[in-house]
Amino acid sequence: MERYKARTVRHPAERTPGPGRSPVRRLPRPRLTGLGGGLFACAAMFLIGGLDWLLFDASLFVYGLLFLPVAAATALWVRPADLITAPITAPIAFAAGVWPVSGGSGGFAGEVMGLVSALSLHAGWLYAGTLVAALITVVRKAVLIGRRRMPRRVA
């Protein structure tokens, strides 16, 4: 009487794909929480600001141009439950990373004035990145709602 059968355990890559699935391995898509998305965006922008200061002599044009893909990546990688946080964290990340390229000098007051000046003079990049994040968020939410409303077909 054999109660226990020996089972063979296969590696996930060796499993056969189910119906309708291709055997091609795809890269995992990152899913960040709202807080994780904000931390990612802030850290990325601070790193970009430091690299911009070192390599491009604190060019706010380069900083603003690189802000757009960071805002888009944050909006694409955040979980569906936390979609609303992507357009909120974009301006916070812009402000967090602009300090190295702001060009302030002369103590604390000079640094604050340089930061405020950089934020006000380059608000176009800030608005553009926030708009990119908001548009991606709206499209992703519309797709999620559309998928929920579609009747499921039984094959």
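The following exchange goes through some labels given to this predicted model and the values behind them.

Me: What are the ground rules for the numbering and the values?
Reply: Residues are numbered from 1 along each chain as its sequence is written, and side-chain values use heavy atoms, with hydrogens and water left out. As the model is predicted, local features need pLDDT of at least 70 and side-chain atom pairs count only at pLDDT 80 or more, whereas totals for chains, interfaces and linings use all residues.

Me: Why is the pair of Phe67 and Phe94 called edge-to-face?
Reply: Rings of Phe, Tyr and Trp (its six-membered ring) pair if their centres lie within 6.5 Å, and planes under 30 degrees apart count as stacked, over 60 as edge-to-face and the rest as tilted. Phe67 and Phe94 lie 4.9 Å apart centre to centre, with 70° between the planes, and therefore meet both the distance limit and the edge-to-face limit.

Me: What makes this a link between distant parts of the chain?
Reply: Phe67 belongs to helix α2 (residues 60–77) and Phe94 to helix α3 (residues 85–97), 27 residues apart; helices here are DSSP runs of H or I with at least four residues, numbered from the N terminus. Ring pairs also join Tyr63 to Phe67 and Phe94 in a cluster.

Me: Why does Asp82 count as buried or exposed, and what of Arg79?
Reply: Buried means under 20% relative accessible area, exposed over 50% and partly exposed in between, with a 1.4 Å probe and protein chains only. Asp82 is at 15% and so counts as buried, while Arg79, at 33%, counts as partly exposed.

Me: How do you know that Arg79 and Asp82 form a salt bridge?
Reply: The term requires a side-chain nitrogen of Lys or Arg within 4 Å of a carboxyl oxygen of Asp or Glu. The N to O distance between Arg79 and Asp82 is 2.8 Å, so the pair satisfies the definition; a search of the whole structure finds 1 salt bridge.

Me: What makes a set of residues a nonpolar core, and which residues have the most contacts inside the largest one?
Reply: A nonpolar core is a set of buried Ala, Val, Leu, Ile, Met, Phe, Trp, Tyr and Cys residues joined through side-chain atoms within 4.5 Å. The largest has 23 residues, and those with the most contacts inside it are Met45, Leu60, Tyr63, Phe67, Val70 and Val98. Helices α1, α2, α3 and α5 each supply at least two of its residues, and the largest share, 7 residues, comes from α2.
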